[in-house]
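Below is a brief report on one predicted model. It covers the sheet, the helices packed on it, the main pocket and the overall dimensions.

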Amino acid sequence: RRLVSGLRTVLDYAEQKQMTIGFEPEPGMFVDTLEGYRRLKAELPHPRLKLTLDVGHLQCQGELPLGGQIEAWGSELANVH
């Protein structure tokens with residue numbers, strides 16, 4: 001709830017500034033996988049919230065194949081690194 005509340009504030013500001021927020025799932029953090037991001041996005045379906053996809057994190061988390069994940073999440077991507 002705390003993450004959603006804080007992120008909602010950031011996203012409302014991003015909307016005012018016409019900016020996209022690329023959220024990056026991070027191993028070891030509260031949202032660490034693509035499934036975690038999917039749950040976050042379901043709870044906070046804001047149009048300014050997009051995904052930053054780190055292929056190294058996908059590898060660490062076993063979310064493979066990399067190309068398949070990039071393709072599957074294509075419409076949601078803000079950044080890939």
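## Sheet and packing

β1 pairs with strand β2 (residues 49-53) in the parallel sense, over three bridges. Pairing here requires at least two bridges found by DSSP between two strands. Strands (E, at least two residues) and helices (H or I, at least four) are DSSP runs, numbered from the N terminus. Phe23 stands opposite Leu51 in β2.

This is a predicted model: local features need pLDDT of at least 70, and side-chain atom pairs count only at pLDDT 80 or more, while totals for chains, interfaces and linings use all residues. Residues are numbered from 1 along each chain as its sequence is written, and side-chain values use heavy atoms, with hydrogens and water left out.

Two helices pack on the sheet, as tabulated. Contact means heavy atoms within 4.5 Å. Axes are lines fitted to C-alpha atoms, for helices over the stretch in contact; angles run from 0 to 180 degrees between N-to-C directions.

| Helix | Strands touched | Angle between directions |
|---|---|---|
| α1 (residues 2-17) | β1 and β2 | about 150° with β1 |
| α2 (residues 34-43) | β1 and β2 | about 175° with β2 |

The sheet is open, with three strands in the order β1-β2-β3 and parallel pairing. β1 (21-23) and β3 (77-80) stand at the edges with a single partner strand each, so one side of each has no neighbour in the sheet. Neighbouring strands are turned by 35° against each other on average, direction ignored.

## Pocket

The largest pocket has a volume of about 170 Å³. A pocket is an open set of points on a 1 Å grid over the protein atoms alone, where a 1.4 Å probe fits, with protein on both sides within 12 Å along at least five of seven lines; lining residues have an atom within 4 Å of a point. Grid points are joined across faces, edges and corners, and the volume is the space filled by probe spheres set on them.

Arg1, Leu3, Val4, Phe30, Val31, Gly36, Arg39, Leu40 and Glu43 line this pocket. α1 and α2 each supply at least two of the lining residues. α2 gives the most, with four. The lining divides into five nonpolar, one polar and three charged residues, with Gly counted as polar.

## Overall fold

The chain has four helices and three strands. Along the sequence they follow the pattern α-β-α-β-α-α-β. The radius of gyration is 13 Å, close to the 12 Å that the globule rule gives for 81 residues, so the chain is as compact as a globular protein of that length. That radius is taken over C-alpha atoms; the rule is 2.2 Å times the number of residues to the power 0.38.
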